[in-house]
Amino acid sequence: MRAGDYGQCLAALVQGEPTATDIARVLSPKNEEEHGALVVLADRVRKNNVGDGVHLRALIEFSNHCRAACQYCGLRAENSDLARYRMPPDEIIEAATIAAELGYRTVVLQSGEDAWYTAETIAQIVSEIKSRLDVAVTLCVGERPERDYALWREAGADRYLLRIETSAPELYATLHPGMSFDNRVACLHTLRRLGYQLGSGVLIGLPGQSLETLARDLLFLRDLETDMVGMGPFIPHDATPLAGSETGRVELTIRMMAACRLLLPRAHIVATTALGTLAPLGREWGLQAGGNVAMPNVTPQRHRALYEIYPSKICINEEGSHCRGCIEARINSIGRHMATDYGHALSAEREPQPAGT
Ligand code: SAH
């Protein structure tokens, strides 16, 4: 059976039509050599398709209010232990200005599902940022009606991040009480249709997830042709129903990133902060296994600790300028450089390049 041979499974991922079994096999190497072969191949495909530049996306976590009940997330509405904050529009624009002054070419505005920010409020913030600053704007504020997404696109938003979290509908239903898998998928299609550069991704190591589920997650992302992918390890939070669950594995996260690079050669793949939280060099490893994006935090320091989606998040005591120097040093330490362009989606621009030299 083809799935028995690691090299053949890797080739199936690179060449086209891998089965979920092929991918699951790639995600479970039998030894260091197999793991190494995956990582080296992903690094080469990354270099040939998106180059050595690492794109930095300045993350502004502007509100930790959330109406949702995601079982894994510390911001979930039922967590009454968490002090909640909301940055007013002026403060968000100020944080974006600082990000631009630090040299970032993209700002990501992220929050819980917070209806306090009406469609018009967010449109106003986006349009102020786009008119005053030379940056791309990415939004990550959850599920909204098409009208809102359309308004923000008209206001100048370039990109949208909405993780599917898991592509297994039953698991999705268990983890997201009161939410609908079909609606999340519909949101992704709407965003794409409206012309956003689209980002999605999953959590790795959720209770109830199997290698087969993760393999299908990667096929889901490939079929969606996402321009950006953010996949991080699940880190259990004490104030959630998943307290006490096992933490997602660093090595498996690295392999998911690498396999994703083989399936989506031109995508922008993030080495997540969650990966850096579980291992001091986690983000560097991710960047050496197919990743080409990092998301340094520029949230004003006084709010940072409160955006506690998971515990022990790194960089909560730093100011944006410190993170800027830190991330650049990390990128340089692995022989890469900071990209200086906007880092727009590449997927549609040209045909994928093979893994050769
Ligand atoms: N409300 C927005 C932003 C959510 S927070 C939205 O729905 O898109 C951003 C991401 O944090 C989520 O998509 C989720 O994948 C991740 N996250 C939440 N809880 C986590 C945890 N316990 N461990 C790791 N990542 C987590």
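User: Why are S4 and strand S5 (residues 159-161) called paired strands?

Analyst: Two strands pair if DSSP finds at least two bridges between them. In this predicted model, 2 bridges join S4 to S5, and the two run parallel, so the pair meets the definition. One bridge sets leucine 139 opposite its partner in S5, tyrosine 160. Helices (H or I, at least four residues) and strands (E, at least two) are DSSP runs, numbered from the N terminus.

User: What makes S3 (residues 106-111) a partner of S4?

Analyst: There are 5 bridges between S3 and S4, which run parallel; the definition asks for at least two, so S3 and S4 pair. Glutamine 110 has cysteine 140 of S4 as its bridge partner. Between S3 and S4 the chain passes through helix H5 (residues 119-132) in a right-handed β-α-β crossover.

User: Why is the unit of S4, helix H6 (residues 146-154) and S5 called right-handed?

Analyst: The term applies because, with the strands pointing away from the viewer, the path from the first strand over the helix to the second runs clockwise. The β-α-β unit of S4, H6 and S5 is of this right-handed kind.

User: How do you know that strand S4 (residues 136-140) is mostly covered?

Analyst: In S4, 5 of its 5 residues are buried, that is, each has under 20% relative accessible area (exposed is over 50%, partly exposed in between; 1.4 Å probe, protein chains only). Ala136, Thr138 and Cys140 point one way, Val137 and Leu139 the other way.

User: What makes a group of residues a nonpolar core, and which members of the largest one touch the most others?

Analyst: A core is a set of buried Ala, Val, Leu, Ile, Met, Phe, Trp, Tyr and Cys residues joined through side-chain atoms within 4.5 Å. The largest has 107 residues, of which Ile129, Trp152 and Met231 touch the most other members. Helix H10 (residues 250-263) gives the most to this core, with 10 residues. Another core, of 8 residues, lies apart from it and includes Val108 and Cys140.

User: Why does the approach of tyrosine 72 to the ligand count as a polar contact?

Analyst: A polar contact is a pair of N or O atoms within 3.5 Å (within protein, one must be able to donate a hydrogen and the other to accept it, and residues adjacent in sequence count only if both atoms are side-chain atoms). A backbone N or O atom of tyrosine 72 lies 2.9 Å from a ligand nitrogen atom, so the pair qualifies. For isoleucine 235, the corresponding backbone distance to a ligand nitrogen atom is 2.8 Å.

User: What is the basis of the numbering and the values?

Analyst: Residues are numbered from 1 along each chain as its sequence is written, and side-chain values use heavy atoms, with hydrogens and water left out. Local features need pLDDT of at least 70 and side-chain atom pairs count only at pLDDT 80 or more, while totals for chains, interfaces and linings use all residues.
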